[in-house]
Amino acid sequence: MACKCKEGYLEKYSIGSRFTIRKNWQKRYMKSTPEGLQYYKTGEEKNPKGFVPYGFDTTLFTNVDQSIHPEAIEGGFHYFAIQFADPNGGRVKMLLLKTLSIKEKAEWCEALATMMARAD
């Protein structure tokens, strides 16, 4: 079966590190791989800034609104999210993502769902 890997820029919601409490949206280059979703500051970087592993405890939310995540409030965007257990601490996290196009969101959700189903 052919790989449904996908890559490109998305905006992700960021909550600052343990040293800062800044919250904002950041444009990141994303790569969906068979192991998980990797994200980079730019498409030219070799080492990912973050990684969301696929596994039995990973859930894809294809239609996110404010009832699922309080930051899914800006009109004109299409939101989706991945909920997962942090591999470094086991805490449950949610990666909120947004696109301007419903088509782009559908393509990402299809690619992510395919990869996540293979990981189970």
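Biologist: Quick one to start: is Tyr-29 buried or exposed?

Modeller: Buried, with a relative accessible area of 13%. Keep in mind that this is a predicted model.

Biologist: OK. And what about Tyr-9, how exposed is that one?

Modeller: Tyr-9 is partly exposed, because its relative accessible area is 35% and the partly exposed class runs between 20% and 50%.

Biologist: How many aromatic pairs are there?

Modeller: The count comes to 3 aromatic pairs. In one of them, the rings of Tyr-9 and Tyr-29 have centres 5.0 Å apart and planes at 75 degrees, so that pair is edge-to-face. Tyr-9 is in strand E1 (residues 6–15) and Tyr-29 in strand E2 (residues 23–32), so the pair ties together parts that are 20 residues apart in sequence.

Biologist: And how do the rings of Tyr-13 and Trp-25 sit?

Modeller: Edge-to-face, because their planes are at 65 degrees; the centres are 5.4 Å apart. Tyr-13 belongs to strand E1 and Trp-25 to strand E2, 12 residues apart, and the pair links these distant parts of the chain. Tyr-13 counts as buried, at 10% relative accessibility.

Biologist: Which residues make up the aromatic cluster?

Modeller: Tyr-13, Trp-25 and Tyr-79 form one cluster.

Biologist: What sits over the ring of Tyr-9?

Modeller: The charged end of Lys-27, 5.0 Å from the ring centre. There's also Lys-98, whose charged end sits over the ring of Phe-77, 3.9 Å from its centre.

Biologist: New topic: where is Gln-38, and why does it count as buried?

Modeller: Gln-38 is found in strand E3 (residues 36–40). Gln-38 counts as buried because its relative accessibility is 19%, and buried means under 20%. Its side chain makes a polar contact with the side chain of Tyr-40, at 2.7 Å. Leaving aside neighbours within four places in sequence, Gln-38 is in contact with several residues, including Tyr-29, Pro-48 and Phe-51.

Biologist: Now the helix. How many residues does H1 have?

Modeller: H1 has 18 residues (102–119) and reaches 26 Å from its first C-alpha to its last, close to the 26 Å expected. Its buried residues are Lys-105, Trp-108, Cys-109, Ala-111, Leu-112, Met-115 and Met-116. They cover an arc of only 165 degrees around the axis, so they're on the same side of H1.

Biologist: Which exposed residues are on the face turned away from that buried side?

Modeller: Ile-102, Lys-103 and Ala-117.

Biologist: Last one: what caps the N-terminal end of H1?

Modeller: Ser-101, with a side-chain oxygen 3.1 Å from the backbone nitrogen of Lys-103.

Methods. Residues numbered from 1 in each chain as written. Predicted model: local features only at pLDDT ≥ 70, side-chain atom pairs only at ≥ 80, totals over all residues. Heavy atoms only, no water. Helix = DSSP H or I, 4+ residues; strand = E, 2+ residues; numbered from the N terminus. Expected span 1.5 Å × (residues − 1). Buried < 20%, exposed > 50% of the residue type's maximum accessible area, 1.4 Å probe, protein only. Arc of directions from axis to C-beta. Polar contact = N/O pair within 3.5 Å; in protein donor to acceptor, adjacent residues only side chain to side chain. Contact = heavy atoms within 4.5 Å. Phe/Tyr/Trp six-rings, centres within 6.5 Å; stacked < 30°, edge-to-face > 60°. Lys NZ or Arg CZ within 6 Å of the ring centre and 35° of its normal.
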